[in-house]
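Hi,

Here is the structure I said I would pass on. Have a look at it first, and my notes follow below.

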Amino acid sequence: QVQLVESGGGSVQVGNSLSLSCRASGGNPNCRGWFRQVPGKEREGVAVTFNRGGIAYYDASVRGRFTSYIYAAENALYLQMDNLQSEDTARYYCAAGYASSAADCGTKLPARDFPDWGQGTQVTVSS
């Protein structure tokens, strides 16, 4: 089982940026994702990244504003969030697993099909 620890959450104003990190230990999963959840709603996919080639898939709501990438030297997944909006307010979770290909990894964005999850970090965006 892979252990995941997120960090980097906080409170910012609309239009600002934040960077989240998720460090993995106990394994080197090749497919990692970011998800977010607000109270009373289902957890939704933000982005998934396949380590080979750094191919990433994004939810339409964040495409063009968020960038997800894996930094292999740290065995870490990052999420750079720019031009944050109030609707981005949520608890953000990272997840990890294994995929046979980038396309297979991409299917995990809507399916949320990951065996390992972090505890989450809160992001609050205010106007």
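Let me start with a question: leaving aside its neighbours within four places in sequence, which residues is K108 in contact with? Keep in mind while you look that this is a predicted model.

The contacts of K108 are C31, F35, V48, Y98, A99, D113 and F114. The residue itself lies in helix α2, which covers residues 108–111. You might wonder whether to call this lysine buried or exposed. K108 has 8% relative accessibility, so it counts as buried, the cut-off for that being under 20%.

Now the overall picture. The chain has two helices and eleven strands. Going from the N terminus, the order of elements is β-β-β-β-β-β-β-β-β-α-α-β-β. For 127 residues, a compact globule would have a radius of gyration near 14 Å, and the chain's 13 Å agrees with that. Along the principal axes, the C-alpha atoms fill a box of roughly 40 × 30 × 25 Å. Buried residues make up 44% of the 127. The chain exposes about 6200 Å², with carbon and sulfur atoms supplying 47% of that area. As for contacts with a separation of 6 or more, 63% of them are between residues 24 or more positions apart.

Next, a sheet. Four strands form an open one with antiparallel pairing, in the order β1-β3-β8-β7. Its edges are β1 (3–7) and β7 (66–71); each has a single partner strand, so one side of each is left without a neighbour in the sheet. On average, neighbouring strands here are turned by 15 degrees against each other, direction ignored.

At one edge, β1 runs antiparallel to β3 (residues 18–25), and five bridges join the two. Q3 stands opposite S25 of β3 there. At the other edge, six bridges join β7 to β8 (residues 76–81), again antiparallel. Y69 has Y78 in β8 as its bridge partner. The hairpin of β7 and β8 has four residues between the strands, and N75 in that hairpin takes a positive phi near 50 degrees.

Y78 also turns up in the surroundings of W34: the side chain of W34 reaches the backbone oxygen of Y78 at 3.4 Å. W34 lies in strand β4. With 0% relative accessibility, W34 counts as buried. What separates the C-alpha atoms of W34 and Y93, which are 59 residues apart along the chain? The distance is 5.7 Å.

Strand β4 (residues 31–37) also holds R36, and this is the one I would zoom in on. R36 counts as buried because its relative accessibility is 5%. Which side chains does it have polar contacts with? One is the side chain of E44, at 2.7 Å from that of R36. Another is the side chain of D88, where the polar contact with R36 is 2.9 Å. Not counting residues up to four places away in sequence, R36 touches E42, R43, E44, V46, S61, V62, F66, E87, D88, A90, R91 and Y92. Both acidic partners, E44 and D88, are in that list.

Cheers

Technical notes: Residues numbered from 1 in each chain as written. Predicted model: local features only at pLDDT ≥ 70, side-chain atom pairs only at ≥ 80, totals over all residues. Heavy atoms only, no water. Buried < 20%, exposed > 50% of the residue type's maximum accessible area, 1.4 Å probe, protein only. Polar contact = N/O pair within 3.5 Å; in protein donor to acceptor, adjacent residues only side chain to side chain. Contact = heavy atoms within 4.5 Å. Pairing = 2+ DSSP bridges. Axes fitted to C-alpha atoms, helices over the stretch in contact; angles between N-to-C directions. Rg over C-alpha atoms; globule rule 2.2 N^0.38 Å. Areas by Shrake-Rupley, 256 points an atom, 1.4 Å probe, with all protein chains shown as cover.
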